[in-house]
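This report describes the empty spaces found in one protein model. The structure is shown first, and the description of a pocket and of the cavities follows.

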Amino acid sequence: MTRKAVAVLAGLSLLTALPPPPFAVAATQDGDGEATPAACAPFGFNVPSTDDDGIVVVSGHRAAVPPPVTLPIAPTKKEDRVQYAPTPLVTVQREQLLESGQGTTVDYLATVPAMSNSVVPPGSPPPPPVVRPPGPPVQGEPERYPDATPNPVRRTSEQPVSTFSIDVDTAAYANVRRFVRDGTTPPRDAVRVEEMVNYFTYDLPRPASAAEPFAVSTSLVASPWAEGRQVLHVALTGYELPAAQRRPLNLTFLVDVSGSMSSPDKLGLAQRSMNLVIDRMRPGDTIAVTTYASGARVLLAPTPGTQKLKLRCAVASLSSGGGTAGAAGMVNAYQQAEAAFGRDKVNRILMFTDGDFNVGVTEDKSLEDYVAGKRQTRIYLSAYGFGRGNYQDARMQAISQAGNGTAAYVDDLDEARRLFGPLFDRGAFPIADDVKIQVEFNPARVSEWRLIGYETRLLNEADFANDRIDAGEVGSGATVVALYEITPVGGPSWMPERRYETATPAGDPSGEWAFVQVRYKLPGQPNSILMQHPVTTIDGSPGTEVRWALAVAGAAQLLRADPWMAPDFGWDRVIDLAQGARGDDPWGERAQFVQIARAAEGLPPRRTP
């Protein structure tokens with residue numbers, strides 16, 4: 001072989017070994033790939049990139065970036081400083097949005113920054129992302145949480161029955177973790193005991209079929225934080241649907257792209273979360289992408305799960321700026337969910353936001369009523385919160401509860417992987433609707449009781465058998481735990497004896513301690529099904545899962561400074577209890593809780609509202 005031929009062959013081999021040119025990403029057979037500017041251009045999405053100097057490039061043009069300041073800057077005087085204010089908004093368009101099927105008209109005033117002179121009508125190609133120089137983020141109202149005064153102690157002879165709606169939300173745990181990591185004591189109302197306890201998975205007996213979607217288990221054990229009292233542990237363990245029984249998903253992303261979402265722990269983390277959802281899409285699933293800022297728009301109509309690259313491009317093109325017209329965004333999202341609605345599908349809106357609404361309808365009650373009305377269409381709404389400083393937890397709770405969805409808080413990428421990875425199925429695929437629990441205590445054995453947590457989920461006794469009263473939804477494989485602290489007759493009572501109380505408590509003093517009832521509806525069914533479970537014995541040696549729930553509940557009550565805890569019950573007791581109940585911890589979640597408890601032990605008192 002001649003030297004020339006050898007050189008040619010060597011050159012060809014080098015060419016085949018070279019990496020592909022920049023942005024040339026081949027889509028896989030299911031339409032997936034990396035959302036680069038070149039890959040997204042055919043779909044009409046402008047995705048920002050950076051050049052060799054690290055400067056953002058949009059549609060081939062470098063963003064204008066001011067030169068660095070190299071001269072010394074003299075400090076300003078306090079009296080000369082000007083308070084920062086965001087760009088004023090002006091009204092540029094008024095349109096009417098018709099609620100599908102409601103026959104009513106919603107007026108909506110669209111507002112945009114005063115420098116803008118254009119409005120993009122719904123359905124038009126998306127504009128290029130707005131690249132802004134670094135600056136103060138748009139600030140909203142302070143963080144708000146729903147009032148959750150700890151439940152009082154009840155006298156069994158007067159009120160033997162407790163009724164509440166189940167709750168599988170986990171927002172409180174991740175949010176409390178964020179505060180503790182920041183070295184700050186969380187607000188009391190941010191600590192919802194049931195959400196902290198139900199953050200964890202529990203290895204408890206499961207039902208054998210979806211026909212009876214729950215296995216009910218109870219344990220009555222000695223209280224670790226109050227000598228002479230008992231804790232009733234009630235657990236509902238849900239049936240885990242096999243993959244073949246999981247219905248197609250009709251999802252709509254409702255994304256807050258207002259100015260308050262500009263930080264990496266908000267929109268940036270939300271984009272990574274949405275990509276995790278896209279990872280799990282199947283051929284029969286669809287996703288629509290809608291956004292809201294000063295106005296609302298449809299970024300991508302319902303798109304099959306086979307077109308993952310197109311979905312990723314829509315997500316990658318998102319940028320933040322402007323006000324927060326959340327109510328208009330909801331109307332828009334429900335319209336897209338209705339466009340791809342199917343009775344054989346799971347129809348759900350996933351809302352990604354910090355919850356800070358400041359344009360249009362902003363009252364929680366009005367938003368809650370609107371979402372509750374839409375619940376009748378079998379389209380549910382789940383809310384995922386991001387960020388700090390202006391996180392509106394109260395609004396997120398109200399919206400998700402009214403929408404038969406879940407509320408979660410995403411404080412970091414690990415939490416996003418947890419929520420939108422394998423655990424996503426527990427929120428996406430429902431096994432039961434309107435799940436209620438009712439516990440009746442035997443006054444001959446129980447003198448007092450209190451429900452630990454569920455303050456925002458309480459129901460009236462008459463609501464239990466009323467199938468028109470809304471309650472919580474449970475997803476595939478989920479476990480729900482509730483805890484009651486009880487005082488046995490003759491035990492250390494919180495309430496002194498009454499002067500004229502002479503009646504002997506009714507009931508069998510050697511019989512049941514309590515009677516647990518559960519009502520639920522199979523998805524799409526109008527009538528509830530009743531399950532019943534008596535509590536007959538005290539468990540002298542509680543299992544690992546029960547002890548773990550007690551450890552988490554103890555920590556939550558310490559953070560809230562509940563008045564029912566013994567003075568000698570502190571963080572050392574929580575840590576010892578948790579260390580002895582970690583059990584099988586494949587993801588390290590229980591080990592992480594122990595570290596959070598250690599950090600919480602040294603938190604300073606909260607000095608600001």
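In this predicted model, the second largest pocket has a volume of about 770 Å³. Its lining is made up of 27 residues, and those closest to its centre are Thr 201, Arg 418, Leu 423, Trp 587 and Glu 589. Two or more lining residues of this pocket are supplied by each of the elements α10, α11 and α14 (589-600). The largest share, four residues, comes from α10. Sorted by class, the lining of this pocket holds 17 charged, six nonpolar and four polar residues.

Attention now turns to the enclosed spaces. Rolling a probe the size of a water molecule over the atoms shows where empty space is left. The model has four cavities of 30 Å³ or more. The largest cavity contains about 340 Å³ of space. It is lined by 19 residues, of which Val 168, Thr 170, Leu 423, Arg 426 and Gly 427 are the closest to its centre. The elements giving two or more residues to the lining of the largest cavity are β15 (407-410), α10 (413-420) and α11 (424-428). Here the largest share, three residues, comes from α11.

The table sets out the classes of lining residues for both spaces.

| Space | Nonpolar | Polar | Charged |
|---|---|---|---|
| Second largest pocket | six residues | four residues | 17 residues |
| Largest cavity | ten residues | six residues | three residues |

Leu 423 is listed among the residues closest to the centre of the second largest pocket, and Leu 423 is also listed for the largest cavity.

Conventions: Residues are numbered from 1 along each chain as its sequence is written. This is a predicted model: local features need pLDDT of at least 70, side-chain atom pairs count only at pLDDT 80 or more; totals for chains, interfaces and linings use all residues. Side-chain values use heavy atoms; hydrogens and water are left out. On a 1 Å grid over the protein atoms alone, a cavity is a set of points where a 1.4 Å probe fits but cannot get out, and a pocket is an open set with protein on both sides within 12 Å along at least five of seven lines; lining residues have an atom within 4 Å of a point. Grid points are joined across faces, edges and corners, and a volume is the space filled by probe spheres set on the points. Ala, Val, Leu, Ile, Met, Phe, Trp, Tyr, Cys and Pro count as nonpolar, Asp, Glu, Lys and Arg as charged, and the others, Gly among them, as polar.
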